[in-house]
Amino acid sequence: EKREPLFHEKATIRTSEKERIAEAALALIDDGDSIYLDGGSTVLALARKLGSRRELTIVTNSLMAAAELMESRHRLILLGGEFRPLSRTMVGPLTAPIGEMLHIGKAFFGTIGLTLSGVSTTDPGEAFTKKLILGRAGKSVLLADSGKFGRASLVDAGALDDFSTLITDSGVSPEFVKMLRKRKIEVIQA
């Protein structure tokens with residue numbers, strides 16, 4: 001198991017792919033939507049683009065996304081919880097009281113690992129919060145550059161069928177894309 005990179009290290013990996021993935025994700029967001037932003041550098045790239053939308057309700061467990069959006073006019077709701085320094089997110093069972101009260105239109109997730117059995121992370125608390133929000137969202141969108149594919153991390157954080165859409169880059173194998181589409185998952189290659 002490789003060490004999970006620190007947040008600032010992740011932000012410098014595959015930057016152009018992450019930017020394109022974030023642009024494609026932005027196209028799925030309409031004015032007035034309620035959205036969730038998970039942790040991760042690709043989701044943070046999306047957070048930085050939300051100035052072009054109006055009157056969003058944004059729920060997040062990411063302190064990085066929250067800091068990015070503090071000056072925006074959007075409504076911002078933070079999940080409480082235990083702070084996880086490595087991803088700069090609030091995670092674990094303490095996120096449940098707020099998370100369970102919400103109905104989120106569209107949720108945008110990052111991931112550390114992605115295989116045909118699903119998404120995974122290194123931290124059980126993070127997995128808990130991802131699964132919590134997957135159960136509260138009308139549409140769940142996974143943002144994952146091709147470097148995440150074929151990597152399984154320690155803790156299961158959701159099945160592929162929990163996501164209606166995957167946004168990735170052109171580096172993903174056509175076989176993988178075909179298998180996802182067979183499972184009725186929309187694949188957008190940015």
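The following paragraphs describe salt bridges, a surface patch, a cavity and backbone angles in a predicted model.

Local features were required to have pLDDT of at least 70 and side-chain atom pairs were counted only at pLDDT 80 or more, whereas totals for chains, interfaces and linings use all residues of the predicted model. Residues are numbered from 1 along each chain as its sequence is written, and side-chain values rest on heavy atoms, with hydrogens and water left out.

Eleven salt bridges were counted, a salt bridge being a side-chain nitrogen of Lys or Arg within 4 Å of a carboxyl oxygen of Asp or Glu. Lysine 130 pairs with aspartate 38 in such a bridge, with the closest N and O atoms 2.5 Å apart. This pair links distant parts of the chain, 92 residues apart: lysine 130 belongs to helix H6 (residues 124-134), and aspartate 38 to the loop between strand S1 (34-37) and helix H3 (41-47). Helices (H or I, at least four residues) and strands (E, at least two) are DSSP runs numbered from the N terminus. Both lysine 130 and aspartate 38 are buried; buried means under 20% relative accessible area, exposed over 50%, and partly exposed in between (1.4 Å probe, protein chains only).

A second salt bridge joins arginine 48 and glutamate 68, whose closest N and O atoms are 3.2 Å apart. Arginine 48 is in the loop between H3 and strand S2 (57-60) and glutamate 68 is in helix H4, so the pair ties together parts 20 residues apart in sequence. Arginine 48 is exposed, at 52% relative accessible area, while glutamate 68 is partly exposed, at 37%.

Aspartate 161 and arginine 183 also form a salt bridge (3.4 Å, N to O). Here the linked parts are 22 residues apart, with aspartate 161 in the loop between strand S10 (155-156) and strand S11 (165-168), and arginine 183 in the loop between helix H7 (174-182) and strand S12 (186-189). Aspartate 161 counts as exposed at 52% relative accessibility, and arginine 183 as partly exposed at 35%. Elsewhere, Glu19, Glu23 and Lys49 are joined into one network by salt bridges that share partners.

A nonpolar surface patch consists of Leu63, Met70, Leu76, Leu78 and Phe83, with a combined accessible area of about 450 Å². Patches are made of residues with over 30% relative accessible area and no salt bridge, with like charges joined within 9 Å and nonpolar side chains (Val, Leu, Ile, Met, Phe, Trp, Tyr) within 5 Å. Areas come from the Shrake-Rupley method with a 1.4 Å probe, and for residues only the protein chains shown count as cover. Of the patch residues, leucine 63 lies in helix H4 (residues 63-69) and is partly exposed, at 36% relative accessibility.

Alanine 45, in helix H3, is buried, with a relative accessible area of 6%. Between alanine 45 and leucine 132 the separation is 87 residues in sequence and 23 Å in space, C-alpha to C-alpha.

Most residues other than glycine have a negative phi. Glutamate 55, which is not a glycine, has a positive phi of about 55 degrees. Glutamate 55 is in the loop between H3 and S2 and is exposed, at 69% relative accessible area. Lysine 184 likewise has a positive phi, near 65 degrees. Lysine 184 lies in the loop between H7 and S12 and is exposed, at 74%.
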